[in-house]
Amino acid sequence: MPNPDNSDRRALEAYHDQLTLAELQAGNHPLVFECRTCGHRQNLDVASLIRAHGPESRVAYIRRHTSCPVCIARQA
Ligand SMILES: [Zn+2]
């Protein structure tokens, strides 16, 4: 189902993808992961991502390495 806000949201995602975790935290941006398969949304904790991946990790990297708990549950 096409969403009228989809292109805006994709532009925002592309912008976020280029930020580092440190920049997200400095700007006090929440990081929301949205599954493209099932649409499940999940708030990610920027502080714990920094501890796990380092402050210079880019959002695009985190997005690629975050898996959806709903889809994983479905596959299991
Ligand atoms: Zn999913």
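Q: Helices (H or I, at least four residues) and strands (E, at least two) are DSSP runs, numbered from the N terminus. In this predicted model, where does N28 lie?
A: The model is a prediction, and its chain follows the pattern α-α-β-β-α-α-α along the sequence. N28 belongs to none of the named helices or strands here, for its place is the loop between α2 and β1.

Q: What is the phi of N28?
A: Most residues other than glycine have a negative phi. N28 is not a glycine, yet its phi is positive. The value is about 55°.

Q: Is N28 buried or exposed?
A: A residue counts as exposed if 12 or fewer other C-beta atoms lie within 10 Å of its own. N28 has 7 C-beta neighbours inside 10 Å, and therefore it counts as exposed.

Q: How many helices and how many strands does the chain have?
A: Read along the sequence, the elements run α-α-β-β-α-α-α. The chain therein has five helices and two strands.

Q: In which sense do β1 and β2 pair?
A: Strand β1 covers residues 31-34 and strand β2 covers residues 41-44. One pair of bridge partners is V32 and N43, the latter in β2. Over four bridges, the sense of the pairing is antiparallel.

Q: Which residue in the hairpin of β1 and β2 takes a positive phi near 80°?
A: The hairpin has six residues between its strands. The residue with the positive phi near 80° is G39.

Q: How many of the twelve residues of α1 are buried?
A: Helix α1 spans residues 6-17 and reaches 16 Å from its first C-alpha to its last, close to the 16 Å expected. Two of its residues illustrate its setting: D8, in α1, is exposed because it has 10 C-beta neighbours inside 10 Å, and R9, also in α1, is exposed because it has 11. The helix lies largely in the open, because the number of its residues that are buried is zero.

Q: What distance separates the C-alpha atoms of D8 and Q25?
A: D8 lies in helix α1. Along the chain, D8 and Q25 are 17 residues apart. Their C-alpha atoms are separated by 22 Å.

Q: Which elements give two or more residues to the largest nonpolar core?
A: The largest nonpolar core has six residues: L21, L24, V46, L49, V59 and I62. The elements that give two or more residues to this core are α2 (21-26), α3 (46-53) and α4 (59-65).

Q: Which residues does V46 touch, not counting those up to four places away in sequence?
A: V46 is a member of the largest nonpolar core. With residues up to four places away in sequence left out, V46 touches L21, L24, Q25 and L31.

Q: What share of the contacts between residues at least 6 apart in sequence joins residues at least 24 apart?
A: Buried residues make up 8% of the 76 residues in the chain, and the C-alpha atoms fill a box of roughly 35 × 35 × 15 Å along the principal axes. Among contacts between residues at least 6 apart in sequence, the share joining residues at least 24 apart is 70%.

Key. Residues numbered from 1 in each chain as written. Predicted model: local features only at pLDDT ≥ 70, side-chain atom pairs only at ≥ 80, totals over all residues. Expected span 1.5 Å × (residues − 1). Buried ≥ 20, exposed ≤ 12 C-beta atoms within 10 Å, placed from the backbone. Contact = placed C-beta atoms within 7 Å. Pairing = 2+ DSSP bridges. Core = buried A, V, L, I, M, F, W, Y, C linked by C-beta atoms within 7 Å.
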